[in-house]
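Welcome! Please take a moment to look over the sequence and the 3D view below, and then we can walk through some of the features together.

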Amino acid sequence: MSNIEQKSIDPATQEALKKAQEENIKTTWDRLETQQPQCGFGQLGVCCTVCAMGPCRIDPFGEGAQCGVCGANADTIAARNLARKIAVGGSAHSDHGRDVAHTLSLIAGSSAHEKGAPHHHNYEIVNEEKLKVLAQEFGIDINKTKEEIAKELSKKLLAEFGKQEGELEFVKRAPKKRRELWKKLGITPRGIDREVVELLHTTTMGVDNDYKNLMLAGLRCALSDGWGGSMIATDVQDIILGSPEPIRGKVNLGVIKENYVNIVVHGHEPMLSEMAVKAAQDPELVKLAKKMGAEGINLAGICCTANEILMRHGIAVAGNFLQQELAIVTGAVEVMMVDVQCIMPALQEVAACYHTKLITTNPKARFPGVNHIAFSPENAYESTKEIVKVAVENFANRKKEKVNIPQYEMDLVAGFTKEAVFQILGGKYRATYKPLNEAIISGRLRGLAGVVGCNNPKQTHDYFHTTLVKELIKNDVLVLQTGCSAIACAKQGLLLPEAAKQFAGKGLQEICEAVGIPPVLHLGSCVDNSRILTAASHIIAEGGLGEDLSDIPAAGCAPEWMSEKAITIGFYFVASGVYTIFGASPFATLGSKNLTDYLTGEIEQVTGGRFEFCDDPFKMAKLIIAHIDKKREALKLKPVMYA
Ligand code: SF4
Ligand code: MSK
């Protein structure tokens, strides 16, 4: 295996990496190499920088120091470090949710927390039906105008962040048994911001030293993301931007078009990318692009914001997390506009080697020396139009000799929300989860797996996602995907209905053929993991598969994770009773045996879910299948039809 083949299994990535090497451009893989050997204490989670008596570190071999200056041992230090990551990951998703709720309040004609703010904005309520459904969930009378409903709803949604007691409204979506368990454990999330703050408080010097108690607070905080902030982001985005429906699209670096002005959107918040879709179609700008010698304006996405505009508009996806620098390396990107999360600081250095202009848009995420065009719901269209104009004008600066776009692109079908997918399964006029439940009960379908998360240069890019998913569908496990994992599998054609015939087991094949769906369903971005939680609750409500989320023959996995957000997602999955596997990483070898044993063992008696750390995709698949079979047995279901 060549050096490049070890880095990625994706031919487009390999080709772009070769180009980067030839042009002496440093990418994340090179920087990983220069970081070697990475700090062992950090990798094990036993380095503490919480107070100025430190930094302290625990000797994992038991020979040197076994506690920090304050006396904190490996269990406390590793648990605190992990808890802090949960808080950070949750705060990222939830702050995203807050911004979306705030936009809804602007649409409603009044800002819920900024009295006197200007009322003009560039968005509208696209999905009135969902607005009403959500309003009813929050106990709002819907016999009024949609603006009035939105005003009341946005107030209530924003209040979820500052709530001090009680429980988050969306907790009610969970099955009764799960809610009772959370209550008994004292981990029902009370307020989104409160859980983050309280968790951070418990991790400061001299507060919580009980690793199990720290993990309980971590679970509660994670729940406030999954059943709070992320769920708000997902549902309100559906209201403002429309609920995704199955849609065709294209993926991989080949979607960058040589004769077009190419604009790549990267980040997470679809409010920006949605407006970019509109601005890129502006007749005045298209005319200008043609005048500059281009055939038109081509928009493509990276990471989760790509998933958002793919799901709603079929806009092409240029790649996942590890391809962000490589999109620029094609030499054909005029502008990369970014908002928040998963944006590598190195992008500016790579962009400087080409004519590409990097543009930041969010006040929370600035890069030194990088052009910043502030984006807000109030100036959304004007600011994105300005960015598109910069791109069009930059087309003239493109250096033809530097352009080489790997000619790889793949078709895919995305847009399977909790509503859409099961509407399809149940038939358009019979939206029900019954056929899905029956497929599992009858054994035609073995079970479900959520395969999600990022890429990590420590692992061969896309190999873990795609190998695992192929193994799962081969064994009649229907795979639900979000984030960069979905993009990885899409590049290999797994998100096409035709993939069922080639890759799926007989039972899954029968289902896919009957309803015309792919064996791997793309549910959206990282915040859309909340769609998996809601879908799972519907499965329980439908009946026949137990009384609690932990009864469902299902599992979760983040095979190539890197982000703190993935940790938070893992924790809300486990808190919701899901068996969750994480791929190889520092997290997989925590320097506290007690904490590792707790997370991979005892916690199952607490929440019904647990973690597994594994660095082999074939083994991951075996573990998931064994878990699903165990759950099938517990439910006394028929044997799998085509085992
Ligand atoms: Fe060291 Fe304790 Fe301070 Fe951490 S909190 S840096 S272990 S003294
Ligand atoms: S973008 S969080 S690399 S999935 Fe959501 Fe991808 Fe992970 Fe970022």
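## Cavities inside the structure

Searching the whole of this predicted model turns up six cavities of 30 Å³ or more. The largest cavity holds about 260 Å³ of space. To find its place in the viewer, look for I532, A536, I552, A554 and V578, which lie nearest its centre among the 24 residues of the lining.

Which elements give two or more residues to this lining? They are β11 (447-451), α23 (529-542), β14 (554-558) and α26 (617-634). Helix α23 provides the largest share, with five residues. Sorted by class, the lining of the largest cavity has 17 nonpolar residues, six polar ones and one charged one.

## The largest pocket

Now let us turn from cavities to pockets. About 1100 Å³ is the volume of the largest pocket. Its lining is made up of 44 residues, and K85, W561, M562, S563 and E564 are the closest to the centre.

Four elements are worth picking out here: α3 (28-34), α4 (40-44), α5 and α24 each give two or more residues to the lining of the largest pocket. Of these, α5 gives the most, with eleven residues. The classes in this lining are 19 nonpolar, 16 polar and nine charged residues.

## Where two helices cross

Two of the helices that line the pocket, α5 and α24, also pack against each other. Helix α5 covers residues 74-107 and helix α24 covers residues 564-575. How far apart are their axes, and at what angle do the helices pack? The axes are 7 Å apart, and the angle is about 100°. An angle of 65 to 115 degrees counts as roughly perpendicular, and α5 and α24 are therefore roughly perpendicular to each other.

On the α5 side, the residues that meet α24 are L82, K85, I86, V88, G89, G90, A92 and H93. Their partners in α24 are E564, K565, I567, T568, I569 and F571. By class, this contact has seven nonpolar, four polar and three charged residues. You may recognise K85 and E564 from the contact between the helices, as both are also among the residues closest to the centre of the largest pocket.

## Four domains along the chain

Stepping back, the chain is divided into domain 1 (3-57), domain 2 (74-241), domain 3 (253-402) and domain 4 (413-634). What separates the centres of domain 2 and domain 4? Taken over C-alpha atoms, the distance is 24 Å. Between these two domains, 39 residues of domain 2 are in contact with 38 residues of domain 4.

## Details of the backbone

Finally, here are a few places to zoom in on. The peptide bond from Q36 to P37 is cis, and its omega is near -10°. You will find P37 in the loop between α3 and α4. Another cis peptide bond runs from G54 to P55, with omega near 5°. P55 sits in the loop that lies between β1 (47-48) and β2 (56-57).

One more residue deserves a visit: D462 is not a glycine, yet it has a positive phi of about 75°. Where is D462 found? Look in the loop between β11 and α19 (463-474). Strand β11 is also one of the elements that give two or more residues to the lining of the largest cavity, which brings us back to the start of the tour.

Notes
Residues are numbered from 1 along each chain as its sequence is written. Chains are lettered from A and ligands numbered from 1 in the order in which they are written. This is a predicted model: local features need pLDDT of at least 70, side-chain atom pairs count only at pLDDT 80 or more; totals for chains, interfaces and linings use all residues. Side-chain values use heavy atoms; hydrogens and water are left out. Axes are lines fitted to C-alpha atoms, for helices over the stretch in contact, and angles run from 0 to 180 degrees between N-to-C directions. Angles under 35 degrees count as roughly parallel, over 145 as roughly antiparallel, 65 to 115 as roughly perpendicular and the rest as oblique. Contact means heavy atoms within 4.5 Å. Ala, Val, Leu, Ile, Met, Phe, Trp, Tyr, Cys and Pro count as nonpolar, Asp, Glu, Lys and Arg as charged, and the others, Gly among them, as polar. On a 1 Å grid over the protein atoms alone, a cavity is a set of points where a 1.4 Å probe fits but cannot get out, and a pocket is an open set with protein on both sides within 12 Å along at least five of seven lines; lining residues have an atom within 4 Å of a point. Grid points are joined across faces, edges and corners, and a volume is the space filled by probe spheres set on the points. Domain bounds come from an automatic or database domain assignment.
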